[in-house]
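Trainee: Could you take me through one part of this chain in detail? I would like to look at the end that holds the capping helix domain.

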Amino acid sequence: MPPKSDNTEGIVLNFVNEQNRPLNAQNAADALQKFNLKKTAVQKALDSLADSGKISFKEYGKQKIYIARQDQFEIPNSDELTHMKEENAKIQEQINEQKRTNSEIEGEIRTLQSNMTLEDMQAKLEKLSTEIEGMETKLTKMRGGVTLVKPEEKKAIEDQYITAISHWRKRKRMFKDIWDSITENMPRDLKEFKEELGLEFDEDVDVSLQSYGELMPQNRKRARGQ
């Protein structure tokens, strides 16, 4: 009498037949944990099924390998195998076609998601309109001769700039005097000596005291030169 599918042997037999591949007791026990079966019970069921001839097994040293009996399965002939291969090829082509279709749909979805919605465009338009309005207001004031920077603020900035240029010019002159004094009779290559000390001249960093000095207001230049 075949084992019932709801007892341990029945569960194990159904599993072995469904898998139809070599299994050991650990493989079966791991897969049948969902039935709350312990490895000991699974091992006992496998041995019992093997002893009764319901499944086949082979021993490799201390380990037993179990497999479903192959005589219970219908073996297709060559014509049936050819038909099955053709059907499999058709199914595979359908799967590939479906994958291509899915890929195209996903691409369209990504494109649509990257586009702005009507709400987004309206919000963007409102923001740009506000920015344009602000710039037009500034432009109108400038055309009307409205001073955007107060005279006292402008003078304070000019004073700071002139002071900075003055310090730059003074320190540049002091450094040149010291450098010339040190290197006047030095036999070493001055470029190598400068690099060894980690010094950088204005021209090394592409800045010019003269060009910055020319940015000073003309009236302040004349006042300074007087």
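Mentor: Start with residues 149-205. This is a predicted model. Over that span the chain is 72% helix and 0% strand. Its end C-alpha atoms are 32 Å apart. UniProt, in an unreviewed entry, lists residues 149-205 as "domain: Leucine zipper with capping helix".

Now look at two helices here. Helix α6 covers residues 151-183, and helix α7 covers residues 190-197. They pack at an angle of about 120°, with their axes 12 Å apart. An angle from 65 to 115 degrees would count as roughly perpendicular, and one over 145 as roughly antiparallel. α6 and α7 are therefore oblique to each other. Their crossing is right-handed.

Next, find the largest pocket. Its volume is about 230 Å³. Trp 168, Arg 171, Lys 172, Phe 175, Lys 176 and Trp 179 are among the residues that line it. The lining also includes Leu 199, Glu 200, Phe 201, Asp 202 and Glu 203. Sort the lining by class: five residues are nonpolar, six are charged and none is polar.

Set this part beside the other annotated spans. UniProt gives residues 81-138 as "coiled-coil region", again from an unreviewed entry. That span is 95% helix and 0% strand. Its end C-alpha atoms lie 84 Å apart. Residues 7-68 carry the UniProt feature "domain: Homologous-pairing protein 2 winged helix", also unreviewed. There the chain is 52% helix and 19% strand. The end C-alpha atoms of residues 7-68 are 18 Å apart.

How values were computed
Residues numbered from 1 in each chain as written. Predicted model: local features only at pLDDT ≥ 70, side-chain atom pairs only at ≥ 80, totals over all residues. Heavy atoms only, no water. 1 Å grid on protein atoms, 1.4 Å probe; cavity = no way out; pocket = protein on both sides within 12 Å on 5 of 7 lines; lining within 4 Å. Points joined across faces, edges and corners; volume = space filled by probe spheres on them. Nonpolar A, V, L, I, M, F, W, Y, C, P; charged D, E, K, R; others polar. UniProt positions renumbered as here; feature names shortened; annotations may be inferred. Helix = DSSP H or I, 4+ residues; strand = E, 2+ residues; numbered from the N terminus. Axes fitted to C-alpha atoms, helices over the stretch in contact; angles between N-to-C directions. Parallel < 35°, antiparallel > 145°, perpendicular 65-115°, else oblique. Left-handed = near helix turned anticlockwise from the far one by under 90°.
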